[in-house]
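Please open the structure in your viewer and keep the sequence panel beside it. The tour below proposes one selection after another and states what is found at each stop.

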Amino acid sequence: MPESAFLRANGLRLHYLDWGGARPPALLLHATGFLAAVWGPITEALSQRYRVLALDQRGHGDSDKPPSGYHRLDFVADLSAFLDALELEGIIAIGHSAGAANIACCEALRPGSFRRAVLIEPIVFPPVIRPLAGAHMSRLPRSALKRRTVWPSHEALFKSYRSRPPFKTWREDVLRLYVEQGTCLRPDGQVELKCPGPIEAQMYAGATPFEAFDMLPKVGCPALVVRGERSDSHLPFIAQAIADQMPNARVVTIEGGGHFCPMEKPEAVLAEILRFLEETDA
(Lines give C-alpha, C1' and ligand atoms only; values in the text may rest on other atoms or scores of the structure.)
Protein backbone atom coordinates (compact mmCIF):
# COMPACT_ATOMS: atom_id res chain seq x y z
CA MET A 1 0.00 0.00 0.00
CA PRO A 2 1.26 3.51 -0.79
CA GLU A 3 2.06 6.19 1.74
CA SER A 4 -0.21 9.23 1.61
CA ALA A 5 2.02 12.31 1.75
CA PHE A 6 1.98 16.10 1.32
CA LEU A 7 4.55 18.70 0.32
CA ARG A 8 4.70 22.41 -0.44
CA ALA A 9 5.30 23.25 -4.09
CA ASN A 10 4.67 26.46 -6.03
CA GLY A 11 2.91 27.93 -3.00
CA LEU A 12 0.46 25.03 -2.67
CA ARG A 13 0.08 22.01 -0.42
CA LEU A 14 0.03 19.07 -2.83
CA HIS A 15 -0.99 15.54 -1.98
CA TYR A 16 0.61 12.48 -3.53
CA LEU A 17 0.85 8.73 -3.11
CA ASP A 18 4.28 7.14 -2.73
CA TRP A 19 5.02 3.43 -3.01
CA GLY A 20 8.57 4.06 -1.71
CA GLY A 21 11.67 1.96 -2.14
CA ALA A 22 15.01 2.53 -3.83
CA ARG A 23 13.85 1.57 -7.31
CA PRO A 24 13.94 4.09 -10.20
CA PRO A 25 11.07 6.60 -9.80
CA ALA A 26 8.02 6.82 -12.04
CA LEU A 27 5.45 9.63 -11.73
CA LEU A 28 1.81 9.34 -12.81
CA LEU A 29 -0.53 12.27 -13.52
CA HIS A 30 -4.30 11.88 -13.76
CA ALA A 31 -6.84 13.50 -16.09
CA THR A 32 -8.99 16.55 -15.30
CA GLY A 33 -11.58 15.87 -12.63
CA PHE A 34 -9.95 12.77 -11.18
CA LEU A 35 -7.12 12.00 -8.73
CA ALA A 36 -4.06 9.86 -8.10
CA ALA A 37 -6.05 6.93 -6.71
CA VAL A 38 -7.71 6.08 -10.06
CA TRP A 39 -4.36 4.73 -11.27
CA GLY A 40 -4.81 1.89 -8.73
CA PRO A 41 -4.39 -1.28 -10.85
CA ILE A 42 -1.58 0.26 -12.90
CA THR A 43 0.37 1.70 -9.97
CA GLU A 44 0.16 -1.51 -7.94
CA ALA A 45 1.78 -3.46 -10.77
CA LEU A 46 4.34 -0.77 -11.65
CA SER A 47 5.44 -0.52 -8.01
CA GLN A 48 7.02 -3.97 -8.33
CA ARG A 49 9.62 -2.43 -10.67
CA TYR A 50 9.64 1.29 -9.87
CA ARG A 51 9.22 3.69 -7.00
CA VAL A 52 5.80 4.90 -8.07
CA LEU A 53 4.56 8.40 -7.26
CA ALA A 54 1.04 9.54 -8.18
CA LEU A 55 0.18 13.21 -7.72
CA ASP A 56 -3.15 14.89 -6.99
CA GLN A 57 -2.80 17.96 -9.20
CA ARG A 58 -4.04 21.32 -7.92
CA GLY A 59 -7.81 21.44 -7.54
CA HIS A 60 -8.02 17.65 -7.30
CA GLY A 61 -8.12 15.02 -4.60
CA ASP A 62 -6.58 16.18 -1.32
CA SER A 63 -4.38 18.89 -2.84
CA ASP A 64 -5.09 22.59 -2.34
CA LYS A 65 -7.88 24.12 -4.39
CA PRO A 66 -7.11 27.82 -4.91
CA PRO A 67 -9.99 29.93 -6.25
CA SER A 68 -8.11 30.61 -9.50
CA GLY A 69 -4.93 29.64 -11.33
CA TYR A 70 -5.97 26.76 -13.59
CA HIS A 71 -4.24 27.55 -16.86
CA ARG A 72 -2.12 24.78 -18.36
CA LEU A 73 1.09 26.54 -17.36
CA ASP A 74 -0.04 26.72 -13.71
CA PHE A 75 -0.16 22.93 -13.65
CA VAL A 76 3.20 22.72 -15.40
CA ALA A 77 4.73 25.06 -12.80
CA ASP A 78 3.33 22.84 -10.03
CA LEU A 79 4.82 19.77 -11.66
CA SER A 80 8.22 21.41 -11.99
CA ALA A 81 8.12 22.51 -8.33
CA PHE A 82 7.04 19.02 -7.26
CA LEU A 83 10.06 17.51 -9.02
CA ASP A 84 12.34 20.03 -7.32
CA ALA A 85 10.83 19.41 -3.88
CA LEU A 86 11.55 15.68 -4.15
CA GLU A 87 14.85 16.26 -6.00
CA LEU A 88 13.70 14.20 -8.97
CA GLU A 89 15.15 14.50 -12.45
CA GLY A 90 15.35 12.26 -15.48
CA ILE A 91 12.48 10.09 -14.27
CA ILE A 92 9.73 8.15 -16.04
CA ALA A 93 6.48 10.09 -16.46
CA ILE A 94 3.08 8.63 -17.30
CA GLY A 95 0.07 10.87 -17.82
CA HIS A 96 -3.51 10.64 -19.00
CA SER A 97 -5.41 13.34 -20.90
CA ALA A 98 -4.59 16.72 -19.30
CA GLY A 99 -1.97 14.98 -17.14
CA ALA A 100 -0.22 13.78 -20.30
CA ALA A 101 -0.27 17.28 -21.80
CA ASN A 102 1.19 18.71 -18.59
CA ILE A 103 4.05 16.20 -18.74
CA ALA A 104 4.81 17.07 -22.37
CA CYS A 105 4.81 20.81 -21.66
CA CYS A 106 7.02 20.36 -18.58
CA GLU A 107 9.61 18.41 -20.59
CA ALA A 108 9.47 20.99 -23.38
CA LEU A 109 10.03 23.89 -21.00
CA ARG A 110 12.49 22.04 -18.76
CA PRO A 111 14.37 19.49 -20.88
CA GLY A 112 15.71 16.53 -18.97
CA SER A 113 12.88 16.42 -16.45
CA PHE A 114 11.91 13.00 -17.78
CA ARG A 115 13.91 10.23 -19.43
CA ARG A 116 10.79 8.49 -20.78
CA ALA A 117 7.24 9.78 -21.26
CA VAL A 118 4.01 7.86 -21.77
CA LEU A 119 1.28 10.21 -23.03
CA ILE A 120 -2.13 8.55 -22.89
CA GLU A 121 -4.78 10.40 -24.93
CA PRO A 122 -3.01 13.74 -24.33
CA ILE A 123 -5.06 16.91 -24.59
CA VAL A 124 -2.79 18.18 -27.35
CA PHE A 125 -4.25 18.73 -30.81
CA PRO A 126 -2.85 19.79 -34.19
CA PRO A 127 -4.13 23.13 -35.50
CA VAL A 128 -5.79 21.41 -38.47
CA ILE A 129 -8.63 20.30 -36.17
CA ARG A 130 -8.79 23.55 -34.21
CA PRO A 131 -12.47 24.32 -35.12
CA LEU A 132 -13.72 20.86 -34.12
CA ALA A 133 -11.60 20.50 -30.98
CA GLY A 134 -12.28 24.09 -29.96
CA ALA A 135 -16.04 23.57 -30.17
CA HIS A 136 -15.76 20.41 -28.06
CA MET A 137 -13.55 22.06 -25.44
CA SER A 138 -15.90 25.02 -25.16
CA ARG A 139 -18.72 22.71 -24.04
CA LEU A 140 -16.75 21.10 -21.21
CA PRO A 141 -16.83 24.04 -18.75
CA ARG A 142 -20.62 24.21 -19.01
CA SER A 143 -20.88 20.47 -18.36
CA ALA A 144 -18.63 20.75 -15.31
CA LEU A 145 -20.75 23.53 -13.84
CA LYS A 146 -23.88 21.38 -14.18
CA ARG A 147 -22.33 18.28 -12.61
CA ARG A 148 -23.96 17.02 -9.44
CA THR A 149 -21.37 16.98 -6.65
CA VAL A 150 -23.30 15.80 -3.57
CA TRP A 151 -24.74 12.29 -3.25
CA PRO A 152 -26.57 10.44 -0.46
CA SER A 153 -23.93 7.70 -0.31
CA HIS A 154 -21.04 6.06 -2.13
CA GLU A 155 -23.36 3.36 -3.36
CA ALA A 156 -25.85 5.86 -4.79
CA LEU A 157 -23.02 7.58 -6.67
CA PHE A 158 -21.63 4.27 -7.92
CA LYS A 159 -25.01 3.06 -9.20
CA SER A 160 -25.67 6.33 -11.01
CA TYR A 161 -22.23 6.50 -12.63
CA ARG A 162 -22.25 2.81 -13.54
CA SER A 163 -24.97 3.50 -16.11
CA ARG A 164 -23.72 6.74 -17.68
CA PRO A 165 -20.82 7.78 -19.89
CA PRO A 166 -17.94 7.97 -19.51
CA PHE A 167 -18.05 5.77 -16.43
CA LYS A 168 -20.20 2.93 -17.75
CA THR A 169 -17.24 1.54 -19.70
CA TRP A 170 -14.81 1.67 -16.75
CA ARG A 171 -13.69 -1.52 -15.07
CA GLU A 172 -15.73 -1.90 -11.90
CA ASP A 173 -12.80 -1.86 -9.46
CA VAL A 174 -11.47 1.40 -10.94
CA LEU A 175 -14.87 3.07 -10.72
CA ARG A 176 -15.15 2.02 -7.09
CA LEU A 177 -11.73 3.54 -6.40
CA TYR A 178 -12.91 6.82 -7.90
CA VAL A 179 -16.20 6.77 -5.98
CA GLU A 180 -14.54 5.97 -2.65
CA GLN A 181 -11.31 7.98 -2.93
CA GLY A 182 -12.60 10.85 -5.08
CA THR A 183 -15.21 11.91 -2.53
CA CYS A 184 -15.21 13.24 1.01
CA LEU A 185 -17.75 12.59 3.77
CA ARG A 186 -19.84 15.62 4.69
CA PRO A 187 -21.07 16.40 8.23
CA ASP A 188 -24.62 15.51 7.12
CA GLY A 189 -23.51 11.99 6.16
CA GLN A 190 -23.64 12.55 2.40
CA VAL A 191 -20.59 12.31 0.12
CA GLU A 192 -19.19 15.10 -2.06
CA LEU A 193 -16.86 14.97 -5.06
CA LYS A 194 -13.40 16.32 -4.20
CA CYS A 195 -13.07 18.22 -7.48
CA PRO A 196 -15.61 21.11 -7.38
CA GLY A 197 -17.51 21.87 -10.59
CA PRO A 198 -16.53 25.57 -10.79
CA ILE A 199 -12.85 24.67 -10.43
CA GLU A 200 -13.09 21.88 -13.00
CA ALA A 201 -14.71 24.36 -15.39
CA GLN A 202 -11.69 26.66 -15.02
CA MET A 203 -9.39 23.74 -15.83
CA TYR A 204 -11.14 23.04 -19.10
CA ALA A 205 -11.13 26.72 -20.00
CA GLY A 206 -7.36 26.88 -19.46
CA ALA A 207 -6.44 23.64 -21.24
CA THR A 208 -4.67 25.32 -24.25
CA PRO A 209 -4.44 22.16 -26.40
CA PHE A 210 -3.01 23.99 -29.43
CA GLU A 211 -0.26 25.82 -27.56
CA ALA A 212 0.79 22.46 -26.12
CA PHE A 213 1.03 21.00 -29.64
CA ASP A 214 3.49 23.72 -30.62
CA MET A 215 5.74 22.72 -27.68
CA LEU A 216 6.05 19.08 -28.72
CA PRO A 217 9.19 19.45 -30.89
CA LYS A 218 11.08 20.26 -27.70
CA VAL A 219 10.09 16.95 -26.06
CA GLY A 220 13.35 15.14 -26.73
CA CYS A 221 12.99 12.08 -24.52
CA PRO A 222 11.59 8.84 -25.96
CA ALA A 223 7.79 9.07 -25.85
CA LEU A 224 4.88 6.71 -26.32
CA VAL A 225 1.54 8.16 -27.47
CA VAL A 226 -1.28 5.87 -26.37
CA ARG A 227 -4.74 6.16 -27.93
CA GLY A 228 -7.93 4.21 -27.41
CA GLU A 229 -9.30 2.41 -30.47
CA ARG A 230 -12.75 3.87 -29.76
CA SER A 231 -11.53 7.32 -28.72
CA ASP A 232 -13.74 10.16 -29.91
CA SER A 233 -10.87 12.65 -29.71
CA HIS A 234 -7.67 10.88 -30.72
CA LEU A 235 -8.32 9.47 -34.15
CA PRO A 236 -5.34 7.64 -35.70
CA PHE A 237 -4.19 10.62 -37.76
CA ILE A 238 -4.34 12.92 -34.71
CA ALA A 239 -2.30 10.56 -32.54
CA GLN A 240 0.24 10.17 -35.34
CA ALA A 241 0.46 13.93 -35.80
CA ILE A 242 1.22 14.28 -32.09
CA ALA A 243 3.96 11.63 -32.29
CA ASP A 244 5.40 13.17 -35.46
CA GLN A 245 5.88 16.47 -33.65
CA MET A 246 8.35 14.83 -31.25
CA PRO A 247 11.84 13.66 -32.23
CA ASN A 248 11.54 10.17 -30.75
CA ALA A 249 7.93 9.04 -30.38
CA ARG A 250 5.59 6.33 -31.62
CA VAL A 251 1.90 5.50 -31.33
CA VAL A 252 0.16 2.46 -29.89
CA THR A 253 -3.59 1.75 -29.87
CA ILE A 254 -5.47 0.04 -27.04
CA GLU A 255 -7.96 -2.34 -28.62
CA GLY A 256 -11.51 -1.73 -27.44
CA GLY A 257 -10.49 1.28 -25.34
CA GLY A 258 -11.71 4.85 -25.53
CA HIS A 259 -10.42 8.15 -24.16
CA PHE A 260 -10.58 6.60 -20.69
CA CYS A 261 -8.62 3.47 -21.61
CA PRO A 262 -6.54 3.52 -18.36
CA MET A 263 -9.80 3.03 -16.46
CA GLU A 264 -11.39 0.69 -19.02
CA LYS A 265 -8.42 -1.49 -19.96
CA PRO A 266 -5.76 -0.97 -17.26
CA GLU A 267 -4.04 -4.31 -17.93
CA ALA A 268 -3.70 -3.57 -21.65
CA VAL A 269 -2.39 -0.06 -20.94
CA LEU A 270 0.06 -1.44 -18.38
CA ALA A 271 1.33 -4.02 -20.87
CA GLU A 272 2.08 -1.29 -23.44
CA ILE A 273 3.80 0.88 -20.81
CA LEU A 274 6.06 -1.99 -19.73
CA ARG A 275 6.82 -2.96 -23.34
CA PHE A 276 7.81 0.61 -24.15
CA LEU A 277 10.01 0.94 -21.05
CA GLU A 278 11.73 -2.37 -21.76
CA GLU A 279 12.37 -1.43 -25.40
CA THR A 280 13.76 2.02 -24.64
CA ASP A 281 15.89 0.82 -21.72
CA ALA A 282 17.48 -1.93 -23.81
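In which loop is the place of Asn-10? Select this residue: Asn-10 is in the loop between strand E1 (3–9) and E2. Helices and strands here are DSSP runs, numbered from the N terminus, with at least four residues for a helix (H or I) and at least two for a strand (E).

Before going further, note that this is a predicted model, in which local features need pLDDT of at least 70 and side-chain atom pairs count only at pLDDT 80 or more, while totals for chains, interfaces and linings use all residues. Residues are numbered from 1 along each chain as its sequence is written, and side-chain values use heavy atoms, with hydrogens and water left out.

**Two residues with positive phi**

Remain at Asn-10, which has a positive phi of about 55 degrees although it is not a glycine. Asn-10 is partly exposed, with a relative accessible area of 41%. On this scale, buried means under 20% relative accessible area, exposed means over 50%, and partly exposed lies in between (1.4 Å probe, protein chains only).

Next, select Ser-97, in the loop between strand E5 (91–96) and H3. Ser-97 is not a glycine, yet has a positive phi of about 60 degrees. Ser-97 is buried, with a relative accessible area of 6%.

**Aromatic rings**

Now display the side chains of Phe-34 and Trp-170. A pair of aromatic rings is described by the distance of the centres and the angle of the planes. Rings of Phe, Tyr and Trp (its six-membered ring) pair if their centres lie within 6.5 Å; planes under 30 degrees apart count as stacked, over 60 as edge-to-face and the rest as tilted. Phe-34 and Trp-170 form a tilted pair, with 5.4 Å centre to centre and 55 degrees between the planes. Phe-34 lies in the loop between strand E3 (25–29) and H1, and Trp-170 in the loop between helix H5 (154–162) and H6, so the pair ties together parts that are 136 residues apart in sequence. Phe-34 is buried, at 8% relative accessible area, and Trp-170 is buried as well, at 2%.

Extend the selection to Trp-151, Tyr-161, Phe-167, Tyr-178 and Phe-260: together with Phe-34 and Trp-170 they form one aromatic cluster. The whole structure holds 13 aromatic pairs.

Add Arg-148, which lies over the face of Trp-151, at 3.9 Å from the ring centre. Then move to Phe-6, where the charged end of Arg-13 sits over the ring, 3.7 Å from its centre. A charge sits over a ring if NZ of Lys or CZ of Arg is within 6 Å of the ring centre and within 35 degrees of the ring normal.

**The largest pocket**

Select Leu-140, Pro-166, Tyr-204, His-259 and Phe-260. Of the 49 residues that line the largest pocket, these are the closest to its centre. The volume of this pocket is about 1,000 Å³. On a 1 Å grid over the protein atoms alone, a pocket is an open set of points with protein on both sides within 12 Å along at least five of seven lines, and lining residues have an atom within 4 Å of a point. A volume is the space filled by probe spheres set on the points.

Colour H4 next, because H4 gives the most to this lining of the largest pocket, with five residues. The elements that give two or more residues to the lining of the largest pocket are helix H2 (72–85), helix H3 (98–109), helix H4 (130–146) and helix H7 (197–205).

Return to Pro-166, which is found in the loop between H5 and H6. The peptide bond from Pro-165 to Pro-166 is cis, with omega near 0 degrees.

**The second largest pocket**

Which residues are the closest to the centre of the second largest pocket? Select Pro-2, Leu-17, Ala-37, Leu-177 and Gln-181, the closest of the 18 residues that line this pocket. About 360 Å³ of space lies in the second largest pocket. H1 supplies the largest share of its lining, four residues.

**Cysteines**

Finally, select Cys-106 and Cys-221. A disulfide is a covalent bond between the sulfur atoms of two cysteines. With a disulfide taken as a pair of cysteine sulfur atoms within 2.5 Å, the structure holds zero disulfides. The sulfur of Cys-106 is 8.8 Å from the closest cysteine sulfur, in Cys-105, too far for a bond. Cys-221 is in no disulfide either, and the nearest cysteine sulfur, that of Cys-106, is 10 Å away. Cys-106 is buried, with a relative accessible area of 1%, and Cys-221 is buried, with 6%.

Conventions. On a 1 Å grid over the protein atoms alone, a cavity is a set of points where a 1.4 Å probe fits but cannot get out, and a pocket is an open set with protein on both sides within 12 Å along at least five of seven lines; lining residues have an atom within 4 Å of a point.
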